[in-house]
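Let us walk through this structure together, beginning with a single residue and widening the view from there. Please have the sequence and the model open side by side.

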Amino acid sequence: MSKEKDPSVWQGFKAFLMRGNVVDLAVAVVVGAAFSNIVNSVVKGVISPVVGAIGTKNLDHYSSCLSTTCKGDQGIQIMWGSVLGATLQFLITAAVVYFLMVLPMARFLARQEARRKARESTHEVVEVTELQVLKEIRDELVAQRGPEHAAR
């Protein structure tokens, strides 16, 4: 009984792995990991110095105090600088992925679809033209035989 289930379980697992969305997810994870280093470098090397010209270079140091005294770790602090840094990293990552991957891929797929439709329409025109030529040949043959053969 278990020997009968093993091939179907293996085939099901193989089908699961071969589905497009699983492969797309794996690619997204790998690409996201690769871009995270670039994004972190951009934030630390470009954005943090620009923010540093206004205040501190490290966004994590920006915070607001909700209690009366906030010295060191005492008091209630809202670390909005960390949220701002994470938001900037997300926006940069999203922009890079969109402009360098999603947009070119969408254009590529649109061109492929246009080419496919052009091939299909050309194929239909050829079929219609061949059919018209065959009808004309038939009509010519009937006309050459004379009116007595046209009735058949």
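Start at Asp-139, which counts as partly exposed at 42% relative accessibility. What you are looking at is a predicted model. Asp-139 has a charged partner: Arg-138 forms a salt bridge with Asp-139, and the closest N and O atoms are 3.2 Å apart. Arg-138 is partly exposed too, with a relative accessible area of 49%. That figure falls just short of the exposed class because exposed means over 50%.

How many salt bridges does a search of the whole structure find? The search finds three. For the other pairs, move your view to Arg-116. The side chains of Arg-116 and Glu-113 meet in a salt bridge, with 2.2 Å from N to O. The side chain of Arg-116 also meets that of Glu-120 in a salt bridge, here with 2.5 Å from N to O. Taken together, Glu-113, Arg-116 and Glu-120 are linked in a network of salt bridges.

Why can such pairs form at all? Side chains of opposite charge can pair when their charged atoms come close. The helix helps you see the arrangement here: Arg-116 and Glu-113 are three residues apart in helix α3, which covers residues 80-145, so about one helical turn separates them. Going the other way, Arg-116 and Glu-120 lie four residues apart in helix α3, again about one turn of the helix.

Is this network buried or exposed? Each member falls between those classes: Arg-116 is partly exposed with a relative accessible area of 32%, Glu-113 is partly exposed at 32% relative accessibility, and Glu-120 is partly exposed at 40%. The Glu-120 and Arg-116 side chains are also joined by a polar contact of 2.5 Å.

Now step back to the overall layout. The protein has four helices and two strands, and from the N terminus on its elements run α-α-β-β-α-α. Two stretches are worth colouring on your screen: an unreviewed UniProt entry lists residues 21-39 and 88-110 under "transmembrane region". In the model, residues 21-39 are 100% helix and 0% strand, with the end C-alpha atoms 25 Å apart. Residues 88-110 are likewise 100% helix and 0% strand, and their end C-alpha atoms are 31 Å apart.

Next, look for the interior. Of the 152 residues of the protein, 8% count as buried. The accessible surface comes to about 12500 Å², and 65% of that surface belongs to carbon and sulfur atoms. The largest nonpolar core has six residues, namely Val-39, Val-43, Ile-47, Val-51, Leu-59 and Tyr-62.

One of these core residues, Val-43, deserves a closer look. Which residues does Val-43 touch once its neighbours within four places in sequence are left aside? Val-43 is in contact with Ser-48, Pro-49, Gln-89 and Ile-92. For the protein as a whole, among contacts between residues at least 6 apart in sequence, 31% join residues at least 24 apart.

To finish, you might trace the path once more on your screen: from the Arg-138 and Asp-139 salt bridge, through the network of Glu-113, Arg-116 and Glu-120, to the six-residue nonpolar core that includes Val-43.

Technical notes:
Residues are numbered from 1 along each chain as its sequence is written. This is a predicted model: local features need pLDDT of at least 70, side-chain atom pairs count only at pLDDT 80 or more; totals for chains, interfaces and linings use all residues. Side-chain values use heavy atoms; hydrogens and water are left out. UniProt positions are given in the numbering used here, feature names are shortened, and annotations may be inferred rather than shown by experiment. Buried means under 20% relative accessible area, exposed over 50%, partly exposed in between (1.4 Å probe, protein chains only). Contact means heavy atoms within 4.5 Å. Accessible areas come from the Shrake-Rupley method with a 1.4 Å probe; for residues, only the protein chains shown count as cover. A salt bridge is a side-chain nitrogen of Lys or Arg within 4 Å of a carboxyl oxygen of Asp or Glu. A nonpolar core is a set of buried Ala, Val, Leu, Ile, Met, Phe, Trp, Tyr and Cys residues joined through side-chain atoms within 4.5 Å. A polar contact is a pair of N or O atoms within 3.5 Å; within protein, one must be able to donate a hydrogen and the other to accept it, and residues adjacent in sequence count only if both atoms are side-chain atoms.
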